[in-house]
Amino acid sequence: ISGHNRVDCSKELGLSTIPAQIVDCDDDKATLIMIDTNLCNRDKIAPVEKGYAYKMKMEILKNNPNISNINNLGENSHDENSESTAQIYRYIRLTELIKTLQNKVNLEQISFTTGVELSYLSKEEQEIVNQVIEDEQIKLSLIQAQKIRLKKNNITYEMVLKILKNGCPRDMECQ
């Protein structure tokens, strides 16, 4: 399930045995162990990849309430600095972004929190926002994303452009 780093290190050190623990578990428990190991041991995980990992973990826990008596999404983590439940749900929101916006979040062209705001828009609306960003070469701020989100279900290219260029106030109709 996990341990390839241990194997590589043991080989590099010329050890004849590798410290290991054999665990009897089903596929879901094995997947949880793999997810937790990756989340705790990898130095840099892209935000969207982290979101997919937490989403997979959440689905397994939801469908298997008896696995290790886990009731909370973050409880199974071995990391002392594990994410708060709210932060975990923000990571999961990133999985709702279209691929081009996910890439922008992973490359830090769009901030994490800006990506979360955009994730509440429909796929079509996200495409419009992405098109404006690319056409105008504008870096979208959190405040701009929040203003766009307020216009959900009424988003047009022109309206997004106006918010990005003029900072359309919250109480003003952007049409």
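This short talk walks through a predicted model of one protein chain, going from its overall make-up to a few individual residues.

Let me begin with how far the model can be trusted, since what we have is a prediction. The mean pLDDT of the protein chain is 85, and 86% of its residues reach 70 or more. There is one stretch to treat with caution, residues 75-81, over which pLDDT stays under 50, and for which the model has 11 contacts beyond four places in sequence. Where pLDDT is low, the predicted coordinates should not be read in detail. I will therefore leave those contacts aside, although the model does contain them.

Now to the overall make-up. If you follow the chain with your finger you will meet 9 helices and 0 strands, so the pattern along the sequence is simply α-α-α-α-α-α-α-α-α. Of the 175 residues in the protein chain, buried ones make up 37%. The accessible surface comes to about 10900 Å², and 47% of that surface belongs to carbon and sulfur atoms. Looking at contacts between residues at least 6 apart in sequence, we find that 55% join residues at least 24 apart.

What holds the inside of the model, in terms of residues? The largest nonpolar core has 31 residues, and those with the most contacts inside it are L94, L118, V129, L140, I148, V160 and L164. The elements that give two or more residues to this core are α2, α3, α4, α5, α6, α7, α8 and α9, and α9 gives the most, with 4 residues. To see one member of this core in detail, please find L118, which, leaving out residues up to four places away in sequence, touches L97, L101, I110, Q126, V129, L140 and A145.

Let us stay for a moment with helix α3, which has 17 residues and reaches 24 Å from its first C-alpha to its last, close to the 24 Å expected at 1.5 Å a residue. Its buried residues are P47, V48, K50, G51, A53, Y54, K57, I60 and L61, and they pack against α2, α4, α5 and α6.

The side of this packing that involves α2 can be followed through I35, which lies in helix α2. Is I35 buried or exposed? With a relative accessible area of 4%, I35 falls under the 20% cut-off and is therefore buried. Leaving aside neighbours within four places in sequence, I35 is in contact with A53, M56 and K57. The C-alpha atoms of I35 and K50, which are 15 residues apart along the chain, are separated by 9.4 Å.

K57 brings us to the salt bridges, of which the count comes to 9. K57 forms one of them with D36, the closest N and O atoms being 2.8 Å apart, and this pair links distant parts of the chain, with K57 in helix α3 and D36 in helix α2, 21 residues apart. Both partners are buried, because K57 has 0% relative accessibility and D36 has a relative accessible area of 2%.

A second salt bridge joins the side chains of R42 and E49, at 2.7 Å from N to O. Here the setting is another one, since R42 is partly exposed, with a relative accessible area of 35%, and E49 is partly exposed as well, at 37%.

The third one I would like to show is between K165 and E136, whose closest N and O atoms are 3.0 Å apart. K165 lies in helix α9 and E136 in helix α7, so this pair ties together parts that are 29 residues apart in sequence. E136 counts as partly exposed, at 28% relative accessibility.

Finally, a word on backbone angles. Most residues other than glycine have a negative phi, and most peptide bonds are trans. Which residue, then, has a positive phi of about 60° although it is not a glycine? That residue is E108, which is placed in the loop between α5 and α6 and counts as exposed, because its relative accessibility is 56%. N153, also not a glycine, has a positive phi near 75°. N153 is found in the loop between α8 and α9, and with a relative accessible area of 61% N153 is exposed.

Methods. Residues are numbered from 1 along each chain as its sequence is written. This is a predicted model: local features need pLDDT of at least 70, side-chain atom pairs count only at pLDDT 80 or more; totals for chains, interfaces and linings use all residues. Side-chain values use heavy atoms; hydrogens and water are left out. A nonpolar core is a set of buried Ala, Val, Leu, Ile, Met, Phe, Trp, Tyr and Cys residues joined through side-chain atoms within 4.5 Å. Buried means under 20% relative accessible area, exposed over 50%, partly exposed in between (1.4 Å probe, protein chains only). Contact means heavy atoms within 4.5 Å. The expected span of a helix is 1.5 Å times one less than its number of residues. pLDDT is the predictor's confidence in each residue, from 0 to 100. Accessible areas come from the Shrake-Rupley method with a 1.4 Å probe; for residues, only the protein chains shown count as cover. A salt bridge is a side-chain nitrogen of Lys or Arg within 4 Å of a carboxyl oxygen of Asp or Glu.
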